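Student: I have a new structure to examine, and I should like to understand how its parts are held together. May we go through it by question and answer?

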Amino acid sequence: MATEDFNAASSPTPHPMASPGYGKRSAPSQLTRTAHDFAHLPRREASVAAYLDRLPDGADISVKTLAKVLPDYGQCALRTALRRLSEAGHLRRVAEHHWGEDGSPRWVTRTYFSRTARDDAWWMAFCAGNVPDAEPPRTEPERATRSEAYDSLAALGRAEPRLTLSANDCASLEALAAEWFARGATPAQFLHALTDGLPPAIRHAGGFTRARLIEKMPPPPPWEPAGTRPAPLRTLECTVCGLPNPAKALPGGVCGPCRGESPPDRHPPALPPARVHAHADKARAAVTRSPERSHA
């Protein structure tokens with residue numbers, strides 16, 4: 001059944017990408033992919049999880065977009081599937097605090113996915129900044145010290161033979177490529193920017209690639225003032241309703257009311273001012289249907 005589920009997750013339609021800086025985020029420190037990662041899940045959830053796992057970071061994984069590229073499942077079914085993936089420890093909605101283009105603070109909701117199921121304690125540690133925000137080293141000796149930037153440069157020649165780079169080229173261009181990813185570019189966006197609209201002949205692939213890396217360098221993300229890259233503050237949100245809650249109140253990523261629990265008789269403690277503003281921002285976003293939230 002597991003093989004059938006994985007095949008069902010395939011779609012001939014190219015998956016839409018979110019705006020740079022938004023979309024799917026892969027949780028750090030995941031185990032190597034295997035054919036049995038989602039065998040513990042029901043058939044539908046295993047199929048959706050396998051599809052999400054193979055999407056690149058930055059992919060638009062809103063329910064509406066998933067329903068378009070996975071026509072076998074409607075929006076209602078996909079909402080239920082995402083909730084069950086959250087309860088199984090594979091997915092969490094996380095509000096991250098960044099800085100707007102004008103220097104003002106803002107909260108951006110992202111959906112983190114992990115093929116490795118995590119318990120509530122791990123997700124709490126991740127939000128608190130106690131989990132390394134990076135992938136573990138690869139086990140293959142020849143790739144152990146190679147970065148995503150280096151590998152993306154080395155892969156250019158497979159996608160476009162005119163941009164086949166030598167090992168020295170990849171090493172000398174690695175820092176420029178790394179800055180692309182630091183500014184929010186995904187591997188798919190990086191590949192498209194460097195290979196789109198090439199001239200008929202390229203004499204020096206290394207020099208041509210260097211020029212493109214510089215000329216097409218994306219701007220810094222709008223929430224990061226130039227020259228700074230602070231670690232974002234994170235708080236968990238309910239996977240179902242999207243409201244922020246203390247991590248302890250979100251077992252499985254779902255709040256009490258969405259689990260069918262009655263609200264407590266006493267009034268909840270007052271939120272700190274920063275979270276009051278966040279609640280107001282979310283209410284306004286729900287009314288205006290901000291495109292940023294649709295790409296969470």
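The exchange below treats cores, salt bridges and one loop residue.

Tutor: Please note that this is a predicted model, in which local features need pLDDT of at least 70, side-chain atom pairs count only at pLDDT 80 or more, and totals for chains, interfaces and linings use all residues. Residues are numbered from 1 along each chain as its sequence is written, and side-chain values use heavy atoms, with hydrogens and water left out.

Student: Which helix supplies the largest share of the largest nonpolar core?

Tutor: A nonpolar core is a set of buried Ala, Val, Leu, Ile, Met, Phe, Trp, Tyr and Cys residues joined through side-chain atoms within 4.5 Å; buried means under 20% relative accessible area, exposed over 50%, and partly exposed in between (1.4 Å probe, protein chains only). The largest core has 23 residues, and F38, V48, L52, L78, L82, L85 and F113 touch the most other members. At least two residues each come from α2 (43-54), α3 (63-69) and α4 (75-87), where helices (H or I, at least four residues) and strands (E, at least two) are DSSP runs numbered from the N terminus. The largest share, six residues, is supplied by α2.

Student: How many residues are in the second, separate core?

Tutor: Among the members of this second core are A149, L153, L163 and L213. In soluble globular proteins, nonpolar side chains tend to be buried together. The size of the second core is 19 residues.

Student: How many residues apart in sequence are the parts that D53 and R115 tie together?

Tutor: The side chains of D53 and R115 form a salt bridge (3.1 Å, N to O), that is, a side-chain nitrogen of Lys or Arg within 4 Å of a carboxyl oxygen of Asp or Glu. Both D53 and R115 are buried. Because D53 belongs to helix α2 and R115 to the loop between β3 (105-113) and α5 (120-127), the parts they tie together are separated in sequence by 62 residues.

Student: Is E45, the salt-bridge partner of R44, buried or exposed?

Tutor: R44 and E45 join their side chains in a salt bridge (3.1 Å, N to O). R44 counts as partly exposed, at 25% relative accessibility. The relative accessible area of E45 is 2%, so E45 is buried.

Student: What distance separates the C-alpha atoms of P244 and R93?

Tutor: P244 lies in the loop between β4 (233-237) and α10 (273-288). With a relative accessible area of 11%, P244 is buried. P244 and R93 are 151 residues apart along the chain, and their C-alpha atoms are separated by 9.2 Å.
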